[in-house]
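Colleague: Could you take me through the inside of this model in detail? Start with the core, then move on to the pocket.

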Amino acid sequence: MKTSDNQYNDVIFPKGDLAPSEYFTGNAWVKMLVPNDQALNTAVGNVVFEAGARNNWHTHPGGQILIVTHGTGYYQEIGKPIQLLQVGDVVNIQPEIKHWHGASPESEFTHIAISTNTAKGIVDWLEPVTDEEYNSYQ
């Protein structure tokens, strides 16, 4: 499938809505697949980042799981080096760990974001990732 809303083949989910610019550098789109479900205590979204886009530093009170479905991206926890993410990678983010994630400079990047234990809260947004931090991948 290839449409004006989806720039790559084998798209599983549509891009969704443009993510709020106060929490992202560059363009990203979010399609909620499972809105916060109080019975399951979970929210699930598909997030597409254009090349070079990333979200701000943030934490998840109940933790989060990322499943990479397209492209190449970055993930970084505070005080640790950036990790390169590729299709099939799964990242388990423990509650309250300060981190960010997004696309690498040359690749669009898509992941499924599963927010767990949402009764504790979904996300606490923090400051933007600086260009120096983003460009520190070795």
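**The core and the pocket**

Modeller: This is a predicted model. Begin with the largest nonpolar core, which has 15 residues. Six of them touch the most other members: Phe49, Leu66, Tyr75, Leu85, Val91 and Phe109. Several strands feed this core. At least two residues come from each of β4 (42–49), β7 (64–77), β9 (90–93) and β11 (109–116). β7 supplies the largest share, three residues.

Now pick out Leu85. Leave aside residues up to four places away in sequence. Leu85 then touches Val68, Gly71, Thr72, Gly73, Tyr74, Tyr75, Val91 and Phe109. Apart from the largest core lies another one, made of six residues. Trp57, Tyr74, Trp100 and Val129 are among them. Tyr74, then, is a member of that other core, and Leu85 touches it. In general, nonpolar side chains in soluble globular proteins tend to be buried together.

Next, the largest pocket. Its space comes to about 390 Å³. The lining has 23 residues, and the closest to the pocket centre are Val30, Met32, Val47, Gln64 and Trp125. Two or more lining residues come from each of β1 (17–18), β3 (28–37), β4 and β11. β4 gives the most, with four residues. What is the make-up of the lining: how many residues are nonpolar, polar or charged? The count is 14 nonpolar, eight polar and one charged.

Finally, look at β4 and β11 again. Both supply at least two residues of the largest core. Both also give two or more residues to the pocket lining.

Technical notes:
Residues are numbered from 1 along each chain as its sequence is written. This is a predicted model: local features need pLDDT of at least 70, side-chain atom pairs count only at pLDDT 80 or more; totals for chains, interfaces and linings use all residues. Side-chain values use heavy atoms; hydrogens and water are left out. A nonpolar core is a set of buried Ala, Val, Leu, Ile, Met, Phe, Trp, Tyr and Cys residues joined through side-chain atoms within 4.5 Å. Buried means under 20% relative accessible area, exposed over 50%, partly exposed in between (1.4 Å probe, protein chains only). Contact means heavy atoms within 4.5 Å. On a 1 Å grid over the protein atoms alone, a cavity is a set of points where a 1.4 Å probe fits but cannot get out, and a pocket is an open set with protein on both sides within 12 Å along at least five of seven lines; lining residues have an atom within 4 Å of a point. Grid points are joined across faces, edges and corners, and a volume is the space filled by probe spheres set on the points. Ala, Val, Leu, Ile, Met, Phe, Trp, Tyr, Cys and Pro count as nonpolar, Asp, Glu, Lys and Arg as charged, and the others, Gly among them, as polar.
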